[in-house]
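Me: I'd like to go through the labels on this one and ask what each of them rests on. Can we take them in turn?

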Amino acid sequence: MSCFRSDSSLGYMWFFFVFCFQIIVYGFNCIGFPKTGACGFWNGAIVFDEATAVGAMFIICAILWALGIPVGVFLFQRVHRFYRSSGASLQKAQQEAYAAAASNKTLQNAGKKAVYTAATNKTVQQGVATGIKNAAQSAVTQQN
């Protein structure tokens with residue numbers, strides 16, 4: 001992982017986000033909700049009645065997914081301990097994200113375009129409003 005080499009707090013945050021999601025997927029696949037394609041205990045029990053061999057393979061897969069959960073949690077804790085001992089923090093990750101966004105040319109150009117569009121639309125709206133106001137005043141003076 002590059003966050004280990006560069007000591008990047010933002011890299012650690014991305015790792016934690018992705019790895020938490022991965023552990024959740026382990027649990028989802030271990031359970032094996034019907035009609036989801038996950039071969040877990042639930043689907044294994046359903047399929048076991050129809051095809052014993054396939055049901056047995058589902059159960060074996062579910063056991064392997066179940067073993068992946070504690071291994072994933074253990075690895076997550078190890079990386080988190082390493083992260084905390086490196087002096088990284090959520091504030092550093094936020095600062096790195098802001099610095100990366102500020103130096104990103106694509107984001108800078110998008111920001112410039114957004115400001116230009118907002119300013120242009122405001123000017124056009126004010127011009128249209130002024131034109132409508134002038135037309136209304138002209139109509140009122142013509143009636144009188």
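Reply: Sure, here are the labels, each set against its cut-off.

Reply: This is a predicted model, where local features need pLDDT of at least 70 and side-chain atom pairs count only at pLDDT 80 or more, while totals for chains, interfaces and linings use all residues. Residues are numbered from 1 along each chain as its sequence is written, and side-chain values use heavy atoms, with hydrogens and water left out.

Me: What makes up the protein chain, in helices and strands?
Reply: There are 6 helices and 0 strands, so the order from the N terminus is α-α-α-α-α-α. Both kinds of element are DSSP runs numbered from the N terminus: helices are H or I over at least four residues, strands are E over at least two.

Me: Why is tyrosine 12 called buried?
Reply: Buried means under 20% relative accessible area, exposed means over 50%, and partly exposed is in between, with a 1.4 Å probe and protein chains only. Tyrosine 12 has 0%, so buried it is. This tyrosine sits in helix H2, and its C-alpha is 8.7 Å from that of valine 79, 67 residues away in sequence. Of the 144 residues in the protein chain, 20% count as buried.

Me: Which residues of H2 and of H4 are buried?
Reply: In H2 they include Phe15, Phe16, Phe19 and Ile23. In H4 they are Gly55, Ala62, Gly68, Gly72, Phe76, Val79 and Tyr83.

Me: And why does lysine 35 count as exposed?
Reply: Its relative accessibility is 86%, so lysine 35 is exposed by the over 50% rule. Lysine 35 lies in the loop between H2 and helix H3 (41-50). It also has a positive phi of about 65°, although it is not a glycine.

Me: How do you know that H4 has the span expected of it?
Reply: The expected span is 1.5 Å times one less than the number of residues. For the 34 residues of H4 that gives 50 Å, and the end C-alpha atoms are 50 Å apart, so the two agree. H2 (residues 9-31), with 23 residues, reaches 33 Å, close to the 33 Å expected. Just after H2, glycine 32 takes a positive phi of about 75°, and just after H4, glycine 87 takes one of about 85°.

Me: What is the angle between H2 and H4, and what is it called?
Reply: Their axes come within 8 Å and cross at roughly 160°. That makes H2 roughly antiparallel to H4, because angles over 145 degrees get that name, under 35 roughly parallel, 65 to 115 roughly perpendicular and the rest oblique. Axes are lines fitted to C-alpha atoms, for helices over the stretch in contact, and angles run from 0 to 180 degrees between N-to-C directions.

Me: What about H3 and H4?
Reply: H3 and H4 pack at about 165°, with axes 7 Å apart. That makes H3 roughly antiparallel to H4.

Me: How do you know that no disulfide is present?
Reply: A disulfide is a pair of cysteine sulfur atoms within 2.5 Å, and by this rule the count comes to 0. Cysteine 61 is in none: its nearest cysteine sulfur, that of cysteine 39, is 3.8 Å away.

Me: Is cysteine 61 buried or exposed?
Reply: Neither: at 30% relative accessible area, cysteine 61 is partly exposed. Cysteine 20, at 34%, is partly exposed too.
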